[in-house]
Amino acid sequence: MKIGVLSETCQGERRVALVPDVASKLVTSGFAVIVEAGAGAQAGFTDDAYSEVGVVIEADRQALLSTADVVLLVQPPRLEDIALLRASTATISFLQPATQRSVVEALAAHGITAFSLELLPRSSRAQSMDALSSQSSLAGYKAVLMAANRLGKFFPMLMTAAGTIPPARVLVLGAGVAGLQAIATARRLGAVVEAYDVRSAVKEEVKSLGATFLELALETQTGLGGYAREQSEEFLTRQREMLTERVAVTDVVITTAAIPGRRAPLLVTAPMVKGMRRGSVIVDLAAESGGNCEVTQPGQVVEVNGVWVDGTTNIPSTMALHASQLYARNMSNLLQHLTSAGELKLDFADEIIRGCCVTHTGQVINEQARRLMGMAITQESTQTEAH
Ligand code: NAD
């Protein structure tokens, strides 16, 4: 089986789907690996580093697309690339079915078997393939560094000859994968950290990282697979009222709250931002899905009444080396799961394959993807789901 790795073409994307040490293991397992020339350059991996482990470097993207059996990418494939793939080729990438309907439809129309990493079940069996988690963890870590870099204050308490500096106060909203990593990072830097999540199940994890779990007089919410359910507007209004006082006294707010497939909940309003001290910083990790903060501008840093609101998108790409390394391990684990004796073996009774395979034999077969794309739920997709 030929595994093809393309250069990412999305603006600002520095990651690569496969790194040399993971490619080396795939070559040893009997896969042929072809990497587009220069694909790893922005993540710190030279063509020579791939060649040294038995990877073929291909300068002609078109040739790679027309010979690969499985194409690995970070971002969804481009329409012009899909057109060059042979029918029955497989692609593995983030696919963002909710916003990339034309891409998913093109994949189906070309007979491609496409896997979407966003739809991988969040189960312990799938943990080693879970690219959403590996990349969220990087984002949580980096968000704190970005905030620390902008804040005109120390994070730790310092006792100096020139006087004592109190520690910075950090509030983390949403304590999922990114939030927990943000808490751990802020604690390592010496800040006093508070956190809140609608899922009370994370309370002990928050405490074990040395942060305080904010007790708000709100009902706790748990949905499927450890995710939060979408909250009512009334719930969110009460939540914002209760958070206002905590937001006002904090130096840094890191927001990570999300509901899969929905717009991010609004947790910090413009008046709440105005109530913060000048020089305070908000890093909104939900910027791409609508933002947890009302004044967030996706992809920009804005200053509102002296408060910095950072809406940087694609933060994992700013740590492209480790982001690619973790992503590549997720890829390799998923590939091993999807193949047997060097061939794609798709057993739709398997919850991992059923969960993340979006297009197959000319159809959008995944019920969740169809819902996200606003398509009718077909009998085939329900049967595939129900298998
Ligand atoms: P996510 O990115 O969808 O959401 C981030 C966090 O926002 C969640 O913890 C959610 O509860 C929280 N949130 C939603 N609305 C909120 C609100 N109004 N106020 C405050 N917080 C709010 O989730 P994620 O980080 O990808 O994963 C969430 C959970 O899923 C994990 O903590 C874990 O329990 C589970 N998970 C399991 C696995 C696995 O077993 N392989 C992998 C990843 C995640």
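**Entry 1: a term to settle**
Two strands count as a pair if DSSP finds at least two bridges between them. I began with strand 14 and strand 15, which run antiparallel and are joined by 4 bridges. I looked up one of the partners here: Val302 has Val309 in strand 15 as its bridge partner. I also noted that this is a predicted model.

**Entry 2: the sheet around that pair**
Next I asked myself in which order the strands of the open sheet of 7 strands lie. I read the order as 11-10-9-12-13-15-14, and the pairing is mixed. The edges are strand 11 (212–213) and strand 14 (301–304), each of which pairs on one side only. That puts my starting strand, strand 14, at an edge of the sheet. A reminder to myself for looking at any of these strands: side chains in a regular strand alternate between the two faces of the sheet.

**Entry 3: the whole protein**
I then stepped back and counted 14 helices and 19 strands in the protein. The C-alpha trace spans about 65 × 50 × 35 Å along its principal axes. How does the radius of gyration sit with that of a compact globule? For 387 residues such a globule would have a value near 21 Å, and the protein has 22 Å, so the two agree.

I looked at burial too, and found that buried residues are 51% of the 387. The exposed surface comes to about 16500 Å², with 51% of it supplied by carbon and sulfur atoms. Of the contacts between residues at least 6 apart in sequence, 62% join residues at least 24 apart. For charges, I noted 33 positive and 39 negative ones, whose mean positions are 6 Å apart.

**Entry 4: strands 6, 18 and 19**
I followed strand 18 (residues 357–360) next, and it pairs with strand 6 (residues 113–116) in the antiparallel sense over 2 bridges. Strand 18 is also joined to strand 19 (residues 363–364) by 2 bridges, and these two run antiparallel as well. Which residues stand opposite Thr359? Ala114 does so from strand 6, and Val364 does so from strand 19.

Strand 18 and strand 19 form a hairpin with 2 residues between them. In that turn I found Thr361, with a positive phi of about 45°.

**Entry 5: two more positive phi values**
Most residues other than glycine have a negative phi. I therefore listed Gln96 and Asn314 with that general point in mind.

- Gln96 has phi near 45° and lies in the loop between strand 5 (90–93) and helix 5 (101–109).
- Asn314 has phi near 50° and is found in the loop between strand 15 (307–310) and helix 11 (320–338).

Are these two buried or partly exposed? The cut-off for buried is under 20% relative accessible area. Asn314 has 19%, so it is buried. Gln96, at 29%, counts as partly exposed. I was pleased to see that the Asn314 loop brings me back to strand 15, the antiparallel partner of strand 14.

**Entry 6: Ser7**
Last, I checked Ser7, in the loop between strand 1 (2–5) and helix 1 (20–28). Its relative accessible area is 14%, so Ser7 is buried. What does Ser7 touch, leaving out residues up to four places away in sequence? I found Glu36, Ala37, Gly38 and Ala39, together with Arg61 and Leu73.

Conventions: Residues numbered from 1 in each chain as written. Predicted model: local features only at pLDDT ≥ 70, side-chain atom pairs only at ≥ 80, totals over all residues. Heavy atoms only, no water. Rg over C-alpha atoms; globule rule 2.2 N^0.38 Å. Buried < 20%, exposed > 50% of the residue type's maximum accessible area, 1.4 Å probe, protein only. Contact = heavy atoms within 4.5 Å. Areas by Shrake-Rupley, 256 points an atom, 1.4 Å probe, with all protein chains shown as cover. Lys, Arg positive; Asp, Glu negative; His and termini not counted. Charge placed at Lys NZ, Arg CZ, Asp CG, Glu CD.
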